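Dear colleague,

I am handing over the structure below, and I would be grateful if you could look through it at your convenience. My notes on what was found follow directly after it.

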Amino acid sequence: MTTIHIQYIGEKVLVPQRELERLVELAQQYEEITVRRQEDDVPMWDIMRLVEQGGAFGFWEEEGEDIYSSKDGEPV
């Protein structure tokens, strides 16, 4: 028995490289197959810049009452 580990992201699935290679190897025993790879079309730095400039996390910068203090992490 073979176990395949996958992770769903929406309708897409992530499979570890080694397990993908094994699946391809098994499939090729029965018929000719073609593997099409899609590379990320948006570099990680661009995504990080978009998040930073988008303002979704602007609430962290808002002035106001501190809800935590340096003593909150100390043992009771």
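The lining of the largest pocket takes its largest share, three residues, from E2. That pocket, in what is a predicted model, has a volume of about 580 Å³. Of the 13 residues that line the pocket, those closest to its centre are Lys 12, Val 13, Leu 14, Val 15 and Gln 38. Two elements each give two or more residues to this lining, namely strand E2, which spans 12-14, and helix H1, which spans 17-28. By chemical character, the lining residues of the largest pocket divide into six nonpolar, two polar and five charged. As general background, rolling a probe the size of a water molecule over the atoms shows where empty space is left.

Turning to the chain as a whole, the protein chain holds two helices and two strands, and from the N terminus on its elements run in the order β-β-α-α. Of the 76 residues in the protein chain, 3% are buried. The area that the protein chain exposes comes to about 8,300 Å², of which carbon and sulfur atoms supply 52%.

As for confidence, the mean pLDDT of the protein chain is 78, and 86% of its residues reach 70 or more. Among the elements, H1 has the highest mean pLDDT, 89, while H2 has the lowest, 77. A general caution applies to any such model: where pLDDT is low, the predicted coordinates should not be read in detail.

Which side chains meet in a salt bridge? The structure holds one such contact, and the side chains that form this salt bridge are those of Arg 22 and Glu 25, with an N to O distance of 2.6 Å. Because Arg 22 and Glu 25 are three residues apart in helix H1, they are separated by about one helical turn. Arg 22 has a relative accessibility of 36% and therefore counts as partly exposed, given that this class lies between 20% and 50%. Glu 25, with a relative accessible area of 42%, is likewise partly exposed.

The loop between H1 and H2 deserves a separate paragraph. Thr 34 lies in this loop, and because its relative accessibility is 65%, Thr 34 counts as exposed. Although Thr 34 and Val 24 are 10 residues apart along the chain, their C-alpha atoms are separated by 8.9 Å. Val 35 is also found in the loop between H1 and H2, but at 42% relative accessibility Val 35 counts as partly exposed. For Val 35 and Val 24, which are 11 residues apart along the chain, the separation of the C-alpha atoms is 8.0 Å.

Finally, is helix H2 largely in the open or largely covered? H2, which spans 44-54, has 11 residues, and the number of them that are buried is zero, so H2 lies largely in the open. This is also the element with the lowest mean pLDDT in the protein chain. The residue that follows H2 is Gly 55, whose phi is positive, near 85°.

With kind regards

Definitions and conventions. Residues are numbered from 1 along each chain as its sequence is written. This is a predicted model: local features need pLDDT of at least 70, side-chain atom pairs count only at pLDDT 80 or more; totals for chains, interfaces and linings use all residues. Side-chain values use heavy atoms; hydrogens and water are left out. On a 1 Å grid over the protein atoms alone, a cavity is a set of points where a 1.4 Å probe fits but cannot get out, and a pocket is an open set with protein on both sides within 12 Å along at least five of seven lines; lining residues have an atom within 4 Å of a point. Grid points are joined across faces, edges and corners, and a volume is the space filled by probe spheres set on the points. Helices (H or I, at least four residues) and strands (E, at least two) are DSSP runs, numbered from the N terminus. Ala, Val, Leu, Ile, Met, Phe, Trp, Tyr, Cys and Pro count as nonpolar, Asp, Glu, Lys and Arg as charged, and the others, Gly among them, as polar. Buried means under 20% relative accessible area, exposed over 50%, partly exposed in between (1.4 Å probe, protein chains only). Accessible areas come from the Shrake-Rupley method with a 1.4 Å probe; for residues, only the protein chains shown count as cover. pLDDT is the predictor's confidence in each residue, from 0 to 100. A salt bridge is a side-chain nitrogen of Lys or Arg within 4 Å of a carboxyl oxygen of Asp or Glu.
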